[in-house]
Amino acid sequence: MAPPPPSPSMAPPGLIHSAPGPPDTCALLPPPPAATAAAAAAATMSGPVAETPSAIQICRIMRPDDANVAGNVHGGTVLKMIEEAGAIISTRHCNSQNGERCVAALARVERTDFLSPMCIGEVAHVSAEITYTSKHSVEVQVNVMSENILTGTKKLTNKATLWYVPLSLKNVDKVLEVPPVVYSRQEQEEEGRKRYEAQKLERMETKWRNGDIVQPVQNPEPNTVSYSQSSLIHLVGPSDCTLHGFVHGGVTMKLMDEVAGIVAARHCKTNIVTASVDAINFHDKIRKGCVITISGRMTFTSNKSMEIEVLVDADPVVDNSQKRYRAASAFFTYVSLSQEGKSLPVPQLVPETEDEKKRFEEGKGRYLQMKAKRQGHTEPQP
């Protein structure tokens, strides 16, 4: 797999977004004046435009059962909250016009950075905003803030870009058209189209690896790929699924993060934390009743970071007509920490086979791109 193109940057705000719906547990933020004016102008030129909220925000206090072994909030928990916010706003938008009802399904998560740890007892504020729509997909930008409710201190902990596609409720294999958004500036649509084309190209580049599997090795040597590779088998139950019987994207991401964390801990034998996630691609839906195998393997190490590839395979055990298939794939980056929370050197990976050496070089390319993009930010440095 060739190194992916540089991840798209966060798009500027100021768009008209999803259609209004019942608030539930979400706080709806009013649209900025520029966006409102643009919507009014568009309505004059091309017909009425639905009144829409600029963004949504969901909030939740972090509990002890959200913690990882280091005592901070589990990275998978944060990923799950990010996906929930994205699913709400994209589903609302896709149902904002009269027509066939649908649910927005997660297709891809762009690079997600973990800028700062979140602690138990803090409140997570997850805000989501639609920044671009194509004919059949929705781009959602999500920011996560943590709030210390004792001191009032807030900090940005995560930012992510997600892509959703609307699936018909009558036929979940049918992708519907997405209502367009109204942009306050023409440049916003052009920038969004570039991000859409970039992620579409990268998704196509990952498909050829769908047959790749992680095989167990007897008596592996320390610091090799086989030594730390790990798998988790999970039976998909009703609590993992939407009302329509398909696994929540956030559930899958949390399981992927858990496996990646096991691989990282086995390799360095220390506390580890998620530093970033590089493009989670969802290749196919996972139905209730499937047995999924989440496999992780080390692909690259720098002085202070580890890249782990995670593959998700689904086996529809109650459906003899369908074979095992690749459902999702991603690359996670972890850092090693001391008991005091300071960054530690990482044992260097020893690739043995030609495939492992090739994956190591590809990982090195992604690492160099990642390092260049992190200049000027506050997230953990590899």
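## Burial and the annotated residues

A residue is called buried when its relative accessible area is under 20% and exposed when that area is over 50%. The model described here is a predicted one. With a relative accessibility of 2%, Asp 257 is therefore classed as buried. This residue belongs to helix α5, which runs over residues 249-268.

Asp 257 also appears in the UniProt record: the unreviewed entry carries an "active site" annotation that covers Asn 68 and Asp 257. These positions span 190 residues in sequence, but no two of their C-alpha atoms are more than 11.1 Å apart, so they gather at one spot. Both Asn 68 and Asp 257 are included in the lining of the second largest pocket.

## Surroundings of Asn 68 and Asp 257

Asn 68 is placed in a loop, between β2 (55-61) and α2 (75-94). When neighbours within four places in sequence are set aside, Asn 68 is in contact with Val 73 and His 74.

His 74 also takes part in the surroundings of Asp 257. Not counting residues up to four places away in sequence, Asp 257 touches His 74, Gly 75, Gly 76, Leu 79, Thr 274, Phe 332 and Tyr 334. With His 74, a polar contact is formed from side chain to side chain, at 3.2 Å.

## The second largest pocket

The second largest pocket, whose lining includes the annotated Asn 68 and Asp 257, holds about 550 Å³ of space. Its lining consists of 31 residues, and those closest to the centre are Asn 68, Gly 75, Ile 272, Val 273 and Thr 274. Of these, Gly 75 and Thr 274 are also among the residues that Asp 257 touches.

Which elements each supply at least two residues of this lining? They are α2, β7, α5, β9 (271-282) and β12 (325-337). The most is given by α5, with five residues. By residue class, the lining of the second largest pocket divides into 17 nonpolar, twelve polar and two charged residues.

## The largest pocket

The largest pocket contains about 1,200 Å³ of space. It is lined by 45 residues, and nearest its centre lie Ala 104, Ala 105, Leu 106, Val 165 and Leu 167. Two or more lining residues come from each of α2, β3 (102-109), β7 (154-168), α3 (186-206) and α5.

How many residues of each class make up the lining of the largest pocket? There are 23 nonpolar, twelve polar and ten charged residues.

## Backbone angles at Lys 269 and Ala 279

Most residues other than glycine have a negative phi. Two residues of the model depart from this pattern: Lys 269 has a positive phi near 60°, and Ala 279 has a positive phi of about 60°.

Lys 269 is found in the loop that joins α5 to β9, while Ala 279 is placed within strand β9 itself. Are these residues buried or exposed? Lys 269 has a relative accessibility of 58% and so counts as exposed. Ala 279 has a relative accessible area of 6% and is therefore buried.

Key:
Residues are numbered from 1 along each chain as its sequence is written. This is a predicted model: local features need pLDDT of at least 70, side-chain atom pairs count only at pLDDT 80 or more; totals for chains, interfaces and linings use all residues. Side-chain values use heavy atoms; hydrogens and water are left out. UniProt positions are given in the numbering used here, feature names are shortened, and annotations may be inferred rather than shown by experiment. On a 1 Å grid over the protein atoms alone, a cavity is a set of points where a 1.4 Å probe fits but cannot get out, and a pocket is an open set with protein on both sides within 12 Å along at least five of seven lines; lining residues have an atom within 4 Å of a point. Helices (H or I, at least four residues) and strands (E, at least two) are DSSP runs, numbered from the N terminus. Contact means heavy atoms within 4.5 Å. Buried means under 20% relative accessible area, exposed over 50%, partly exposed in between (1.4 Å probe, protein chains only). A polar contact is a pair of N or O atoms within 3.5 Å; within protein, one must be able to donate a hydrogen and the other to accept it, and residues adjacent in sequence count only if both atoms are side-chain atoms. Grid points are joined across faces, edges and corners, and a volume is the space filled by probe spheres set on the points. Ala, Val, Leu, Ile, Met, Phe, Trp, Tyr, Cys and Pro count as nonpolar, Asp, Glu, Lys and Arg as charged, and the others, Gly among them, as polar.
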